[in-house]
Protein chains: 2
Amino acid sequence: MTSTATTDDLGLRDRNNRERRDALIAAAYALFAERGFAASSMDDIAARAGLSRRTAFRYFASKDDLVFPEQAARQAQFEALLVPREGESAFETVRRACLALGRHYQDDRERQLAQFRVIQSEPWLVGRELAIDRALEAAIEHAFMAAERETPRARRRARVRASAITGALRATVREWLEGGASTDLVRLGRETFAELEAGFAG
Amino acid sequence: MTSTATTDDLGLRDRNNRERRDALIAAAYALFAERGFAASSMDDIAARAGLSRRTAFRYFASKDDLVFPEQAARQAQFEALLVPREGESAFETVRRACLALGRHYQDDRERQLAQFRVIQSEPWLVGRELAIDRALEAAIEHAFMAAERETPRARRRARVRASAITGALRATVREWLEGGASTDLVRLGRETFAELEAGFAG
DNA sequence: AGCAAAATGGCACTCGGTGTCAAAAAGAAT
DNA sequence: ATTCTTTTTGACACCGAGTGCCATTTTGCT
């Protein structure tokens with residue numbers, strides 16, 4: 001290496017990797033917007049990104065994965081946020097992590113909307129999304145359990161709470177997206193948590 | 001028609017329809033058990049059922065549908081059960097319907113176990129199953145809303161409850177299946193509802 | 001420049017899913 | 001039983017997703 005160290009911490013290879021990945025995502029979403037998910041073949045997507053079909057499949061194992069490109073990263077990020085802080089109850093930890101995630105959604109508004117449209121258009125993508133939500137739910141359950149001793153009763157309670165929270169938040173995000181993502185998602189989330197805190201029976 | 005009226009309320013055509021449908025399901029599950037879902041092609045399944053590939057696809061629009069053959073019927077049945085009875089609270093209606101559904105699962109023990117194994121083997125089938133659960137959830141939410149006036153607050157509460165119940169029951173069924181479906185699912189369900197009734201905060 | 005490792009892309013193949021259409025089976029009518 | 005109509009069937013051809021294979025190119029390093 002001579003003196004190419006300007007802003008590149010990551011080599012040319014990694015940079016290209018990222019660029020092509022991004023190109024694929026951009027191409028995919030452009031085509032989805034133009035003609036819909038079903039009518040956009042991997043051939044087209046790859047071509048628009050300037051890659052071969054075969055190579056495109058090396059970046060994304062399936063066409064579906066192209067719809068949820070940052071799923072793994074989001075999940076990891078969320079789990080990192082679920083680490084409890086000093087003097088925080090489990091519920092507070094979960095709320096903080098969820099609201100932070102909500103903030104990210106808000107910052108990613110445009111793509112979230114596009115993603116929402118795509119997902120609504122193909123029923124089985126709804127299933128994929130639910131599976132993703134399910135992973136978040138599992139993480140939340142885990143966070144609740146971290147605070148308690150492992151008993152069947154405690155586990156069930158943690159599960160019910162995690163499921164209720166996930167369900168309520170799913171509804172909240174849906175409301176937000178259906179309204180064009182024009183309101184404040186974090187505020188909506190706060191309200192939802194307030195409702196949950198206020199109680200279930202009534 | 002001469003005198004073939006023995007037990008046939010439905011004509012030969014419908015009878016054959018049902019037979020072939022059943023043959024396909026049986027063939028599919030036999031092959032899934034033998035070699036797994038992925039390794040069982042529609043060609044094989046159709047052949048074992050004594051049908052052509054093309055015809056098999058007329059009975060089941062996709063290979064996935066073959067995994068959840070009675071989904072539509074179950075959903076309809078469940079919704080029928082969700083009609084409130086005299087002097088019953090919404091919660092009671094929901095519990096009754098869910099427990100009845102649980103009883104059906106129990107009577108269908110063998111297939112439920114097989115289905116569970118297949119679903120666990122292919123991640124995206126989990127998504128499909130979740131989507132099915134989601135339909136049940138929507139029905140439950142609807143049942144809760146039927147008892148109240150339509151306000152955003154009421155809807156959110158109904159949604160949270162429906163989601164919590166669905167989540168808790170999913171966990172319950174999972175527990176049951178993981179234990180080989182050898183225990184009493186209805187009893188487990190009753191316990192889960194008791195927990196839910198007892199309260200959320202604590 | 002030169003070399004090893006990794007990424008690329010072309011090819012051929014499998015499998016899920018669909019449109020089309022001629023042949024076969026079912027039901028109705030005589 | 002025979003004919004006529006309506007469904008159902010199954011063969012064929014086709015598309016797109018996804019994969020294994022391998023020759024070629026690109027990249028990182030010396």
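**Meeting DNA strand D and a buried arginine**

Arg156(A) touches Glu175(B), Leu188(B), Glu191(B), Thr192(B) and Glu195(B), leaving aside residues up to four places away in sequence. The model is predicted.

User: Is Arg156(A) buried or exposed?
Analyst: Happy to help! Arg156(A) sits in helix H8 (residues 152-178) of chain A. A residue is called buried when its relative accessible area is under 20%. Arg156(A) has 13% relative accessibility, so Arg156(A) counts as buried.

User: Which residues come nearest to DNA strand D?
Analyst: Let's look around the strand. There are 23 residues around DNA strand D. By class, this surface has seven nonpolar, seven polar and nine charged residues. Those that come nearest are Arg13(A), Arg53(A), Arg54(A), Arg58(B) and Tyr59(B).

User: What share of the DNA strand D atoms within 4 Å of the protein do sugar and phosphate account for?
Analyst: Two contacts show the phosphate side. A polar side-chain atom of Thr55(B) is 2.7 Å from a phosphate oxygen of DNA strand D, and an N or O atom in the side chain of Tyr59(B) is also 2.7 Å from a phosphate oxygen of that strand. For the DNA strand D atoms that come within 4 Å of the protein, the sugar and phosphate share is 55%.

User: How far does a polar side-chain atom of Arg53(A) lie from a base nitrogen of DNA strand D?
Analyst: Good one to check in the structure. Helix H3 (53-59) of chain A is one of the helices that supply at least two residues of the surface near DNA strand D. From a polar side-chain atom of Arg53(A) to a base nitrogen of the strand, the distance is 2.5 Å.

How values were computed
Residues are numbered from 1 along each chain as its sequence is written. Chains are lettered from A and ligands numbered from 1 in the order in which they are written. This is a predicted model: local features need pLDDT of at least 70, side-chain atom pairs count only at pLDDT 80 or more; totals for chains, interfaces and linings use all residues. Side-chain values use heavy atoms; hydrogens and water are left out. A residue is near a molecule or strand if one of its heavy atoms lies within 4 Å of it. A polar contact is a pair of N or O atoms within 3.5 Å; within protein, one must be able to donate a hydrogen and the other to accept it, and residues adjacent in sequence count only if both atoms are side-chain atoms. Helices (H or I, at least four residues) and strands (E, at least two) are DSSP runs, numbered from the N terminus. Ala, Val, Leu, Ile, Met, Phe, Trp, Tyr, Cys and Pro count as nonpolar, Asp, Glu, Lys and Arg as charged, and the others, Gly among them, as polar. Buried means under 20% relative accessible area, exposed over 50%, partly exposed in between (1.4 Å probe, protein chains only). Contact means heavy atoms within 4.5 Å.
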